[in-house]
Amino acid sequence: MNLEEETKFLIKKYHITANKSLGQNFLISEQVVKNIIEGAEITKEDIVIEIGPGLGTLTKELLEKAKRVIAIELDERMIAILQERFALYHNFEIIKKDVLKIDFDKLVYEQNIEKENIKIVANLPYYITTPIIMKLLEEKAPVESITIMIQKEVAQRLIELPGQKNAGAITYCVYYYCESESITVVPKSSFIPEPQVESQVIKLNIRKQPPVKLENEKLFFKLVKASFMQRRKTLLNGLSNNKIADKQTIKQLLISLDLPENVRGEDLSIEQFASLANKLNSIK
Ligand code: SAM
């Protein structure tokens, strides 16, 4: 049986109708599964936290490659299938929970996991991919990498370099925490049911050291977000409208950094944003 036949068989056997509100699109492409598993670089030393395992397509491969797989799934029907499918695997555990409510530090502690070799693999509904990435990064979850399927246009913004055309606030945030890479582009026909949009798998490798030194991380992220809130606005207007500082102060800061008054957020490198945030922090 190929993967498409196997998925259809499982759907029929367990009388599954895909739950749209849980973003259920099941992978049926062997090539994409192979690319994800190879891209995630899983070894026998690794503990994989798989988010949204669904029918267990990726789980099955992960169980062969990793030391342990801890899956987080919300849908009771999927949990029952996974428990039956992988009953003989001693390296498999499943947690029934909404991933957005998981405290990863607590999970690692409770599961008695060594912090060094934790890798996240996820194919999730698109509306929670960005929130879960930001949650993992901002809460400094003890993970080495995040390999995740994501809507193609969003993926481009996440793996873009700061200061490039497609950069947005999230580009700077992700770059601060990770070195990112594209693993594979995934056509709609790789899933049943087919999603509305094309997908891309990306890998975020968590940095050991951030690329810039910040006096106040919170202020940096607030500043970056405010700079991109209204994309066509200049940095000066974006920052003053969002009450980061008054116009006069921002003008002075721009002059001190040799930046023109009409500079826009996307024109700044991460180093320039960091200098701006550090200078602002020192006068606040
Ligand atoms: N990984 C499977 C695959 O590749 O075929 C299924 C992918 S499907 C796009 C997304 C899965 O995430 C579904 O099984 C869904 O039930 C689960 N899910 C959705 N929201 C979730 C949440 N907040 N927390 C945990 N799992 C969730």
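**Figure 1. Overview of the predicted model.** A residue is buried when its relative accessible area is under 20%, exposed when that area is over 50%, and partly exposed in between. By that cut-off, buried residues make up 51% of the 284 residues in the protein chain. The model shown here is predicted. Its secondary structure comes to 12 helices and nine strands. Along the principal axes, the C-alpha atoms of the chain fill a box of roughly 65 × 40 × 30 Å.

**Figure 2. The largest pocket and its centre.** This view shows a pocket that holds about 750 Å³ of space. Its lining counts 37 residues. Closest to the centre are Leu-22, Gly-23, Gln-24, Asn-25 and Pro-125. Five elements can be traced around the space, each giving two or more residues to the lining: strands S1 (26-27), S2 (47-51) and S3 (68-73), and helices H3 (57-65) and H6 (126-138). H6 supplies the largest share, three residues. Sorted by class, the lining has 22 nonpolar, nine polar and six charged residues.

**Figure 3. The second largest pocket.** About 440 Å³ of space lies here. The lining is made up of 19 residues. Ala-141, Val-143, Ile-206, Arg-207 and Lys-208 are the closest to the centre. H6, helix H8 (169-177) and strand S9 (199-206) each give two or more residues to this lining. The class count is nine nonpolar, two polar and eight charged residues. H6 thus appears again, having also lined the largest pocket.

**Figure 4. The crossing of H6 and H8.** Two packed helices are described by the angle between their axes and the distance between the axes. For H6 and H8, the axes come within 10 Å and cross at roughly 40°. That angle makes H6 oblique to H8, because the roughly parallel class ends at 35 degrees and the roughly perpendicular class starts at 65. The crossing is left-handed. Both helices also give residues to the lining of the second largest pocket.

**Figure 5. Helix H2 and its crossing with H3.** H2 covers residues 30-40. Its buried residues are Val-32, Val-33, Asn-35, Ile-36, Ile-37, Gly-39 and Ala-40. Glu-41 follows the helix and has a positive phi, near 50°. The axes of H2 and H3 come within 10 Å and cross at roughly 40°. The two helices are therefore oblique to each other. H2 passes H3 in a right-handed crossing. H3 is also one of the elements that line the largest pocket.

**Figure 6. The closed cavity between leucines and isoleucines.** Rolling a probe the size of a water molecule over the atoms shows where empty space is left. A search of the whole structure finds one cavity of 30 Å³ or more. About 40 Å³ of space lies inside. The lining consists of Leu-223, Leu-239, Ile-244, Ile-250, Leu-253, Leu-276 and Leu-280. Helices H11 (247-256) and H12 (270-283) each supply at least two of these residues. By class, the lining has seven nonpolar, no polar and no charged residues.

**Figure 7. A cis peptide bond before Pro-193.** The bond from Ile-192 to Pro-193 is cis. Its omega is near -15°. Pro-193 lies in the loop between strand S8 (191-192) and S9. S9 is one of the elements that line the second largest pocket.

**Figure 8. His-15, a loop residue with positive phi.** His-15 is found in the loop between helix H1 (3-13) and S1. Its phi is near 50°, a positive value in a residue other than glycine. The relative accessibility of His-15 is 70%, so the residue counts as exposed. S1, at one end of this loop, gives two or more residues to the lining of the largest pocket.

**Figure 9. Asn-112, a second loop view.** Asn-112 sits in the loop between helix H5 (104-110) and strand S5 (118-123). Although Asn-112 is not a glycine, its phi is positive, about 60°. Its relative accessibility is 66%, so Asn-112 counts as exposed.

Technical notes:
Residues are numbered from 1 along each chain as its sequence is written. This is a predicted model: local features need pLDDT of at least 70, side-chain atom pairs count only at pLDDT 80 or more; totals for chains, interfaces and linings use all residues. Side-chain values use heavy atoms; hydrogens and water are left out. On a 1 Å grid over the protein atoms alone, a cavity is a set of points where a 1.4 Å probe fits but cannot get out, and a pocket is an open set with protein on both sides within 12 Å along at least five of seven lines; lining residues have an atom within 4 Å of a point. Grid points are joined across faces, edges and corners, and a volume is the space filled by probe spheres set on the points. Helices (H or I, at least four residues) and strands (E, at least two) are DSSP runs, numbered from the N terminus. Ala, Val, Leu, Ile, Met, Phe, Trp, Tyr, Cys and Pro count as nonpolar, Asp, Glu, Lys and Arg as charged, and the others, Gly among them, as polar. Buried means under 20% relative accessible area, exposed over 50%, partly exposed in between (1.4 Å probe, protein chains only). Axes are lines fitted to C-alpha atoms, for helices over the stretch in contact, and angles run from 0 to 180 degrees between N-to-C directions. Angles under 35 degrees count as roughly parallel, over 145 as roughly antiparallel, 65 to 115 as roughly perpendicular and the rest as oblique. A crossing is left-handed if the near helix is turned anticlockwise from the far one by less than a right angle, and right-handed if clockwise.
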